[in-house]
Amino acid sequence: MLGRASSSQPGAGVSGSGAVSHVYIQYPPLRCGVSGSKGLFYDDGNKLLLCPTSDQVLSWKTVPFNPLVAPTSDSISDGPVLSIRYSLDAKFLAIQRSNNEVQFWNRETGETFSQRCRSESEGILGFFWTDCQSCDVVFVKTSGLDLFSYDFELKALRLVETKRSHVSWYVYTHESRLVLLASGMQCKSFIGYQLSAAGIIRLPRFEMAMAKSEANNKPVLGAEDVHIVTVYGRIYCLQVDRVAMLLHSYRFYRDAVIQQGSLPIYSSKVALSVVDNVLLVHQVDAKVVILYDIFADSRAPISAPLPLLLRGSLLTNNISSSRSNIKAAESSEAKEISDAEATIYGDGWNFLIPDIICDVAKEFLWKIHLDLEAISASSSELPLILEFLQRRKLEANKAKHLCLETVRTVILERRPVAMVARAIDVLITSYSHSTKAGSSTRKTSPVTDVSSSRVRVEPSVGVDTESQNKSLNFSTSDSDDNVNVDSLRTESRDLQYLDANSVSQLHESRVDTAAISPDEMYNYVFATVDEEMTGDTSYLVSIVVEFLHSANVEKIKVHSNIYVLAIQLLARNERYTELGLFVINKIIEPSKEVAMQLLESGRQNFQTRKLGLDMLRQLSLHHDYVLLLVQDGYYLEALRYARKNMVNTLRPALFLEAAFASNNSQHLAAVLRFFSDFIPSFRDTSDHITYFRILNEMNSANAA
């Protein structure tokens, strides 16, 4: 059960417009107060908040989070409630009544039965439902694990397997399918099992690090000090060491559990959340939250510690109400917001992994959000903040917009080319990884045998190669975009699995990604910057060249509009020699659009125009090449080229008009003779009749 509040602490957050924060909770909360409540319970397997009473249990769906969602209810009998969970298929409801009994309801038939401990010397610490193929529900007892399956004929549980181990307490998350069993005098010795659709995996026994106090007393580790979190599809165990004031991180491998490092903490009471793969460490006593992106190399926080704020109001949606009603609602809401602010980080707060806060004193449920705009504005490390934004999935469109705006701003501010080049490298690399991951996902779908699918996420930087090969990585179906698709690679050695919902999430994440394509870079950065920048274009040309270089390294095809812009910039400053080198050295890739821009920009430079003509010929765009020769007055050369390359899509009138305009009867006669030979029916056309008459008139005039 979620704990009851004994007192409350003064608030740390304010909802005023001047407050600054990177993390916030949104008003209104989900209100879950019920008369006769026996407490609040969180069913992480079904993402439900449960509130049992003497005769029923109310449940609120928390994903997707909707503060106005209505509860559903099921009838139950009166009695104590130590724990309560629905089965994963929602057919059964289980309630732990005591430390030796769990009661089950069949929701379809209304039948009930109970499962008790066989021995009085052991007690039930808790239970959870599983999607493991060999069992349906697991009892965690002081003597180990009991794995049961439901027998529909007997209408009872059947013991499948027992895993013996002394257990002081345990932690489990459905998101990871991982249960850790604590034992020993200090409760720092652990053994773990992952029970998933892929089977049961036993992790090696390991011990957590604990510093000794000055009095040489041996501190005892509590369940509240150990947290299982899933970040970028990888499972971490985070342990609070209150003596050393450190947060230790552990990563699971096939034959070992390796400590990955430690993060400093500044409060004796610490809570954890994970929002969009960002680790939030709540320093409860200090009333601030620190953000870590453990995908990055550095263990440094993303930004400075700031308080958690309360934001938002529904009153703006009630403009149709009368003034008196609005004033009354404003007064009521202001009091509720003030009361909520006063309980921020209070004793009644319970942090539920990954991103939910339950205030058992107020009977509120809050959803935690990241303010990407505030995080972006607070960082001076351009490449690092772009990498951070590119990894965001929940607000991918906002992250993409911030990336584009950031790059556009630094270009307009004429920051050093090297700095902008690093920023562009980040965006291009991210786009490359995104497209590769997308094609990889398409190749493996549709998935038929989901239990045999394996996906590995790149391990953290700093772990040796040998350890990486042994790494255990897990991915689950109900985490909110917890897989970083940009870094997925298939590998048969891994014990990670994907079910059908996970595959669906991967397809969705290809769409909802912050990755920026070359076309978007042109439309929202280069094109707008070109319009706003004045003076010498050398700086912008350098930026475009860096962009082309980065795209070439990642083998990304760039649309011709980028090359056209480069030509325009160079021609604008009459840098024709440099432009020629760009074309000859294939920095500017050939295309029809590029050729046409070379011809346009070459009006003032013959060599540039010649490059455009040569490019048309190189691309076998014979029709366009012939037309341009005619426009330039080289109609006889155009005819020879057309005959040689069998260009039969030309209008004779075009050549006849050019020859007539030259006032040269011999040229006009040559053109008439060419089309008479080239097009058998040409002699019967109006063009032949008209220009043959004109030729005779020209010859008569010359003879006279």
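Which residues of S17 lie on one side and which on the other, and are they buried or exposed? In this predicted model, Ser 189, Ile 191, Tyr 193 and Leu 195 lie on one side of S17, while Phe 190, Gly 192, Gln 194 and Ser 196 lie on the other, and all of them are buried. Both faces of the strand are therefore covered, where buried means under 20% relative accessible area. Strand S17 spans residues 189-196, and because eight of its eight residues are buried, the strand is largely enclosed by the rest of the structure.

The partners of S17 were examined next. Strand S16, formed by residues 178-183, pairs with S17 in the antiparallel sense over six bridges. Within this pairing, Ser 183 of S16 stands opposite Ser 189 of S17. The two strands form a hairpin with five residues between them. Gly 184 lies in the turn of that hairpin and has a positive phi of about 95°. Strand S18, residues 199-207, also pairs with S17 in the antiparallel sense, in this case over seven bridges. Here Gly 192 has Leu 203 of S18 as its bridge partner. S17 and S18 likewise form a hairpin, with two residues between the strands.

The protein chain as a whole provides the setting for these strands. Its secondary structure comes to 18 helices and 31 strands. The chain has 704 residues, of which 53% count as buried. Among contacts with a separation of 6 or more, 56% are between residues 24 or more positions apart. The accessible surface of the chain comes to about 31,900 Å², and carbon and sulfur atoms account for 50% of this area.

Empty space in the model was also considered. Rolling a probe the size of a water molecule over the atoms shows where such space is left. The largest pocket holds about 1,200 Å³ of space. Its lining consists of 38 residues, and those nearest the centre of the pocket are Met 1, Leu 2, Ala 223, Phe 351 and Leu 352. Several strands give two or more residues to this lining, among them S3 (41-43), S7 (83-86), S11 (124-129) and S27 (349-352). Strands S15 (169-173), S19 (226-231) and S23 (270-275) also belong to this group. By residue type, the lining divides into 24 nonpolar, seven polar and seven charged residues.

Particular backbone geometries were found in several loops. A cis peptide bond, with omega of about 5°, joins Tyr 27 and Pro 28. Pro 28 lies in the loop between strand S1 (23-26) and strand S2 (30-31). A cis peptide bond also runs from Ile 353 to Pro 354, where omega is near 10°. The loop that contains Pro 354 lies between S27 and strand S28 (356-359); S27 is one of the strands that contribute to the lining of the largest pocket.

Positive phi values occur at two residues that are not glycines, Lys 47 and Glu 363. For Lys 47, phi is about 55°, and the residue is found in the loop between S3 and strand S4 (48-52). Lys 47 counts as buried because its relative accessibility is 9%, which is under the 20% cut-off. For Glu 363, phi is about 60°, and the residue is placed in the loop between S28 and strand S29 (364-370). Glu 363 has a relative accessible area of 19% and therefore also counts as buried.

Notes. Residues are numbered from 1 along each chain as its sequence is written. This is a predicted model: local features need pLDDT of at least 70, side-chain atom pairs count only at pLDDT 80 or more; totals for chains, interfaces and linings use all residues. Side-chain values use heavy atoms; hydrogens and water are left out. On a 1 Å grid over the protein atoms alone, a cavity is a set of points where a 1.4 Å probe fits but cannot get out, and a pocket is an open set with protein on both sides within 12 Å along at least five of seven lines; lining residues have an atom within 4 Å of a point. Grid points are joined across faces, edges and corners, and a volume is the space filled by probe spheres set on the points. Helices (H or I, at least four residues) and strands (E, at least two) are DSSP runs, numbered from the N terminus. Ala, Val, Leu, Ile, Met, Phe, Trp, Tyr, Cys and Pro count as nonpolar, Asp, Glu, Lys and Arg as charged, and the others, Gly among them, as polar. Buried means under 20% relative accessible area, exposed over 50%, partly exposed in between (1.4 Å probe, protein chains only). Two strands pair if DSSP finds at least two bridges between them. Contact means heavy atoms within 4.5 Å. Accessible areas come from the Shrake-Rupley method with a 1.4 Å probe; for residues, only the protein chains shown count as cover.
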